[in-house]
Each structure stands twice: as C-alpha cells, then as structure tokens.
Amino acid sequence: MSLDLTILATAIDASDDEIRVQALRCSAWLGHPDGDLDARIVAFYEELREVYPDSGPAPRREESPWADSPLGTGIDHVTVSLRHGETSNAIATILDLAARHDLVAFDPQDETVIGPPARHHDSPRT
C-alpha cells in the first residue's frame with residue numbers, strides 16, 4: 001500500500017477545482033501538455049532528490065520512502081508514491097519544499113489540495 005501525492009506548478013490564482021483537474025489529468029495519463037519545464041518544478045525535484053534519491057545506485061529500502069521510482073514527472077508536476085509507514089518525515093519534507101517553491105500538492109486519496117497558506121484556504125494536512 002502506498003500514499004500518492006502530486007506536486008504541481010499552477011497559476012497563482014488557480015482555484016482548488018482547477019488544481020484538481022490538472023492533477024487528475026497528470027495521474028490519468030491523458031497526455032501531458034507540451035512546453036518548457038516549469039522552473040519551480042525543476043528546482044523542487046532537484047532538491048527533493050538530494051534528500052531522497054529516486055535513481056542511481058539503489059538506496060537501502062529502509063532509507064527510501066518511495067514505493068515506486070523513479071518519480072513521475074512532467075513539465076508542471078512531480079508525482080510521488082510513498083511506502084506505507086514511511087510517510088511522516090517524507091510528507092513534511094515534500095510539503096516544505098513545495099511551499100518554498102510556491103507549488104501546491106494534491107492528495108488523490110481524498111482529492112485534497114494542499115498549498116501555501118497565502119494561496120489556498122484549505123487546511124494543510126500532515
């Protein structure tokens with residue numbers, strides 16, 4: 001069992017419903033938009049991989065939170081699948097990095113949008 005999150009680069013004024021549609025499009029493999037990589041996603045992904053590598057020499061299983069790797073990526077998102085029982089520290093790290101890069105997270109398990117408080121009024125879940 002795993003916990004999935006999609007980290008998204010969205011417009012500053014995107015509604016939670018627009019964010020849900022964007023996230024579901026990414027997770028349904030309906031095709032990703034063409035274009036240049038969003039710099040916020042690139043920076044987020046690079047920093048996340050410094051903390052929790054998702055490729056290269058395989059880390060010991062107990063050191064990696066990933067249920068699947070490499071992580072799913074697109075020009076506007078990174079999708080992570082966390083191993084059950086490995087979520088607390090990893091989620092805190094992911095949400096902290098996302099906030100620092102002005103990104104939002106989408107939890108497909110309950111369709112919750114988690115974002116920087118200045119952007120969204122939803123209560124962050126940890």
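## A salt bridge one turn along a helix

Let's start in helix α3, which covers residues 87-100: Asp-96 and Arg-100 sit four residues apart there, so about one helical turn separates them. The side chains of these two residues meet in a salt bridge, with 3.2 Å from N to O. Keep in mind that this is a predicted model.

How covered are the two partners? Asp-96 counts as partly exposed, at 40% relative accessibility. Arg-100 has 54% relative accessibility and counts as exposed, because the cut-off for that word is over 50%. The pair also has company: Glu-47 is linked with Asp-96 and Arg-100 in a network of salt bridges.

## Other salt bridges

How many salt bridges are there by the rule used here? The count comes to six. One of them joins Asp-54 to Arg-49, and their closest N and O atoms are 2.9 Å apart. Asp-54 is buried, with a relative accessible area of just 5%, whereas Arg-49 is partly exposed at 32%. So this bridge has a buried acid end and a partly exposed arginine end.

Arg-40 forms another salt bridge, this time with Asp-38, and here the closest N and O atoms are 3.0 Å apart. Arg-40 itself is partly exposed: its relative accessible area is 24%, and anything under 20% would be called buried.

## Helix α2 and its two sides

Now have a look at helix α2. It has 13 residues, and at 1.5 Å a residue it should span 18 Å; the C-alpha atoms at its ends are 19 Å apart, which agrees.

Which residues of α2 are buried? They include Ile-41, Phe-44, Tyr-45 and Leu-48. These four cover an arc of only 100° around the axis, which puts them on the same side of α2. Turn to the other side of the helix and you find Ala-39 and Glu-50, which are exposed. What do the buried residues of α2 pack against? Their neighbours are the strands β1, β2 and β3, plus helix α3.

## How the strands line up

Next, the strands. Strand β1 (residues 2-8) pairs with β3 in the antiparallel sense, over seven bridges. Two of the partnerships are easy to find in the structure: Leu-8 has His-77 as its bridge partner in β3, and Asp-4 has Ser-81. β1 also pairs with strand β4 (residues 104-107), again antiparallel, this time over three bridges. In that pairing, Leu-8 stands opposite Val-104. Leu-8 therefore has a partner in β3, His-77, and one in β4, Val-104.

β3 pairs with β2 (residues 72-74) as well: three bridges join the two strands, which run antiparallel. Together β2 and β3 form a hairpin, with two residues between them. Here Gly-74 has His-77 as its bridge partner in β3. His-77 is thus a partner for Gly-74 and also for Leu-8.

Are these strands covered or open? β3 (residues 77-83) is mostly covered, with six of its seven residues buried. β1 is mostly covered too, with five of its seven residues buried.

## A closer look at Ser-81

Ser-81 lies in strand β3. With a relative accessible area of 9%, Ser-81 is buried, because the cut-off is under 20%.

Which residues does Ser-81 touch, leaving out those up to four places away in sequence? Its contacts are Ser-2, Leu-3, Asp-4, Pro-65, Trp-66, Ala-67 and Asp-68. Take Leu-3 from that list: Ser-81 and Leu-3 are 78 residues apart in sequence, yet 5.6 Å apart in space, C-alpha to C-alpha.

## One aromatic pair

Trp-66 was one of the residues touching Ser-81, and it turns up again here. To describe a pair of aromatic rings, you give the distance of the centres and the angle of the planes. By the rule used, the count comes to one aromatic pair. The pair is made by Tyr-52 and Trp-66 and is edge-to-face: 5.9 Å from centre to centre, with 80° between the planes. Tyr-52 and Trp-66 both lie in the loop between α2 and β2, so the pair ties together parts that are 14 residues apart in sequence. Both residues are buried.

Key: Residues numbered from 1 in each chain as written. Predicted model: local features only at pLDDT ≥ 70, side-chain atom pairs only at ≥ 80, totals over all residues. Heavy atoms only, no water. Buried < 20%, exposed > 50% of the residue type's maximum accessible area, 1.4 Å probe, protein only. Salt bridge = Lys/Arg side-chain N within 4 Å of Asp/Glu carboxyl O. Phe/Tyr/Trp six-rings, centres within 6.5 Å; stacked < 30°, edge-to-face > 60°. Expected span 1.5 Å × (residues − 1). Arc of directions from axis to C-beta. Contact = heavy atoms within 4.5 Å.
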